[in-house]
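The exercises below are meant to be worked with the sequence and the coordinates side by side. Please attempt each task before reading its solution.

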Amino acid sequence: MRVKYRMRIPGDEVVYRSLKVDDVNEGLIIETSYQEKDNILELYVETDSIGSLKNILDDYFKNYEMSFRILELVREEYKGDSR
């Protein structure tokens with residue numbers, strides 16, 4: 001069975017770039033895009049199993065959340081930089 005999934009979530013371009021997938025197994029399709037006008041990240045996945053989709057989404061959201069935490073830290077550090 002082929003599983004196809006598409007989602008759209010809010011995000012910045014820097015987050016989009018950090019979440020781009022660089023290695024994909026044969027038979028697996030993972031595409032990401034960014035809509036600057038609406039600050040929307042889009043993820044499209046095609047895989048052969050629900051388990052594979054679950055693993056992809058788990059990894060994607062871990063990295064998504066971590067990207068925002070890192071951005072917060074960088075912005076806070078930048079505000080406090082007195083150089």
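A residue counts as buried when its relative accessible area is under 20%, as exposed when that area is over 50%, and as partly exposed in between. The model used throughout is a predicted one.

**Exercise 1. The strand β2 and its hairpin**

Task: Determine which residues of strand β2 lie on its covered face and which on its uncovered face, and then describe how β2 pairs with strand β3.

Solution. Begin with β2 itself, which spans residues 29–35. Its covered face consists of Ile30, Thr32 and Tyr34, whereas Ile29, Glu31, Ser33 and Gln35 make up the uncovered face. Next, turn to the partner strand, β3, which covers residues 40–47 and pairs with β2 in the antiparallel sense over seven bridges. Within this pairing, tyrosine 34 stands opposite leucine 41 of β3. Finally, inspect the connection: the hairpin of β2 and β3 has four residues between the strands, and asparagine 39 takes a positive phi near 55° there.

**Exercise 2. The nonpolar core**

Task: Establish which residues touch the most other members of the largest nonpolar core, and which element gives the most residues to this core.

Solution. The largest nonpolar core has 18 residues, and those that touch the most other members are Leu41, Leu43 and Tyr60. As for the elements, β1 (3–10), α1 (13–19), β2, β3 and α2 each supply at least two residues of this core. Of the contributors, α2 gives the most, with six residues. Leucine 43 deserves a separate step: this residue lies in strand β3, and its relative accessibility of 1% is under the 20% limit, so leucine 43 counts as buried. Leucine 43 also illustrates a contact between parts of the chain that are apart in sequence, since methionine 7 is 36 residues away along the chain while the C-alpha to C-alpha distance is 5.5 Å.

**Exercise 3. Aromatic pairs**

Task: Classify the geometry of the pair formed by tyrosine 60 and phenylalanine 61, do likewise for tyrosine 64 and phenylalanine 68, and state which residues form one aromatic cluster.

Solution. The structure holds four aromatic pairs. In one of them, tyrosine 60 and phenylalanine 61 have ring centres 6.1 Å apart and an angle of 90° between the planes, which makes the pair edge-to-face. Tyrosine 60 is buried, at a relative accessible area of 7%, whereas phenylalanine 61, at 30%, is partly exposed. For tyrosine 64 and phenylalanine 68, the centres lie 5.0 Å apart and the planes stand at 75°; because planes over 60 degrees apart count as edge-to-face, this pair receives that label. The sequence spacing can be read in terms of the helix: tyrosine 64 and phenylalanine 68 are four residues apart in α2, so about one helical turn separates them. Tyrosine 64 is buried, with a relative accessible area of 13%, while phenylalanine 68 is partly exposed, with 24%. As a last step, collect the residues: Tyr60, Phe61, Tyr64 and Phe68 form one aromatic cluster.

**Exercise 4. Salt bridges**

Task: Describe where the partners of the salt bridge between arginine 2 and aspartate 48 lie, and then examine the bridges of glutamate 42 and glutamate 13.

Solution. There are seven salt bridges in the structure. In the bridge between arginine 2 and aspartate 48, the closest N and O atoms are 2.7 Å apart. Arginine 2 belongs to the segment before β1 and aspartate 48 to the loop between β3 and α2, so the pair ties together parts that are 46 residues apart in sequence. Arginine 2 is partly exposed, at 34% relative accessibility, and aspartate 48 is exposed, at 53%. Both also take part in a network of salt bridges that links Arg2, Glu46 and Asp48.

Glutamate 42 forms a salt bridge with arginine 6, with 3.1 Å between the closest N and O atoms. This pair links distant parts of the chain, as glutamate 42 is in strand β3 and arginine 6 in strand β1, 36 residues apart. Glutamate 42 is buried, with a relative accessible area of 15%, whereas arginine 6 is partly exposed, with 49%.

For glutamate 13 and arginine 17, the closest N and O atoms are 3.6 Å apart. These two residues are four positions apart in helix α1, so about one helical turn separates them.

Terms used:
Residues numbered from 1 in each chain as written. Predicted model: local features only at pLDDT ≥ 70, side-chain atom pairs only at ≥ 80, totals over all residues. Heavy atoms only, no water. Buried < 20%, exposed > 50% of the residue type's maximum accessible area, 1.4 Å probe, protein only. Pairing = 2+ DSSP bridges. Phe/Tyr/Trp six-rings, centres within 6.5 Å; stacked < 30°, edge-to-face > 60°. Core = buried A, V, L, I, M, F, W, Y, C linked by side-chain atoms within 4.5 Å. Salt bridge = Lys/Arg side-chain N within 4 Å of Asp/Glu carboxyl O.
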